[in-house]
Amino acid sequence: MTYEICGELLKFSNLPSCQSTVYSVGWRILDNHSDTWTSRFNRFKGDNSDQAGINGCIQLLENGIHTLLKNEGLTAQEVSVTTALSSKAVSHDPNSSLYKAGNHVCASASLAWIPDLLAKDAHEPLHDSKSASERETLVNGKYRCTKELSSKAVIVIDDFVTRGTTFGEISRAIAALNPGVRVIGLAIAKHERLSYLPGINNNHIPSHWATSF
């Protein structure tokens, strides 16, 4: 896996389980409990009553999507946006934090919001899997694309990314019905360990982005 810092985001072009480009705001460093940004990212995945933490991460996605569009040379008119679905979900849930994130980002950036672009079969949570091959088996073939798109690209928002398994499966589903449409991922954070990539940090994230929290 290689990555580069592009503006305020991390860019991954060759995740093991995904051929599409994936961006993240930062690293969710699993073996560094003192990393402040990791603690902020965790608030999106934690207690649903932590509305300030959820709103802070939604604001990060809003900030990040502008950088993504600039990096990819895309205009708002060329893009549509959807989100990944949770492991147990079969369709979009208006009450989920991801749905609210996508809706907010699109409203603020004047992007086409297509929350029902994807449907899927429920599966076990990926974090319960013991290996990469097990994660890929769980999600393989689960997603379906429900609409033909007129946009040049679709941005798929998710909370966290590891090997890109979910983004890869979503890309497959979208391409099956919309060949030629670019699929670009945007996550709050990329799971990683200092023991695997020594020296990683979140120093690239602008300090004023923290005011959302």
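This report covers the sheet, the helices packed on it, a surface patch and the salt bridges of a predicted model.

## Sheet layout

Seven strands make up an open sheet. Their order is 1-2-3-9-8-4-5, and the pairing is mixed. Strand 1 (3-6) and strand 5 (112-113) are the edge strands. Each has a single partner strand, so one side of each has no neighbour in the sheet.

Two helices are described against this sheet. Helix 2 covers residues 51-72 and packs on the sheet. Its contacts include strand 1, strand 2 (9-12) and strand 3 (21-29). Helix 2 also touches strand 4 (79-83), strand 8 and strand 9. The direction of helix 2 makes about 130 degrees with that of strand 9. Helix 5 spans residues 165-177. It lies across strand 3, strand 8 and strand 9. Relative to strand 8, helix 5 runs at about 155 degrees.

## Strand 3 and its partners

How many of the nine residues of strand 3 are buried? Nine of the nine are, so the strand is largely enclosed by the rest of the structure. Buried here means under 20% relative accessible area.

Strand 3 pairs with strand 2 in the antiparallel sense, over three bridges. Within strand 3, Val22 is the bridge partner of Phe12. Strand 3 also pairs with strand 9, in the parallel sense and over eight bridges. There, Arg28 has His191 of strand 9 as its bridge partner.

## Strands 8 and 9

Strand 8 takes in residues 153-161, and strand 9 takes in residues 182-192. The two pair in the parallel sense over eight bridges. One position to inspect is Ile157, which stands opposite Leu186 in strand 9.

## A nonpolar patch

Met1, Tyr3 and Ile5 make a nonpolar surface patch of about 270 Å². Met1 belongs to the segment before strand 1. Its relative accessibility is 35%, so Met1 counts as partly exposed. Strand 1 (3-6) is one of the edge strands of the sheet.

## Salt bridges

How many salt bridges does a search of the whole structure find? The count is nine. Three pairs are set out below, followed by a network.

Asp50 bridges to Arg43, with the closest N and O atoms 2.8 Å apart. Arg43 has a relative accessible area of 27%, so this residue is partly exposed. Arg144 bridges to Asp121, and there the closest N and O atoms are 3.1 Å apart. This pair links distant parts of the chain, 23 residues apart. Arg144 sits in strand 7 (residues 143-145). Asp121 sits in the loop between strand 6 (118-120) and helix 4 (132-139). Arg144 is partly exposed, with a relative accessible area of 38%. Asp121 is partly exposed as well, at 35% relative accessibility.

Glu192 forms a salt bridge with Lys190, with the closest N and O atoms 3.1 Å apart. Are these two residues buried or exposed? Both Glu192 and Lys190 are buried. Shared partners also join some salt bridges into one network, made up of Lys11, Glu72 and Arg182.

How values were computed
Residues numbered from 1 in each chain as written. Predicted model: local features only at pLDDT ≥ 70, side-chain atom pairs only at ≥ 80, totals over all residues. Heavy atoms only, no water. Pairing = 2+ DSSP bridges. Helix = DSSP H or I, 4+ residues; strand = E, 2+ residues; numbered from the N terminus. Contact = heavy atoms within 4.5 Å. Axes fitted to C-alpha atoms, helices over the stretch in contact; angles between N-to-C directions. Patch = residues over 30% accessible without salt bridge, like charges linked within 9 Å, V, L, I, M, F, W, Y side chains within 5 Å. Areas by Shrake-Rupley, 256 points an atom, 1.4 Å probe, with all protein chains shown as cover. Salt bridge = Lys/Arg side-chain N within 4 Å of Asp/Glu carboxyl O. Buried < 20%, exposed > 50% of the residue type's maximum accessible area, 1.4 Å probe, protein only.
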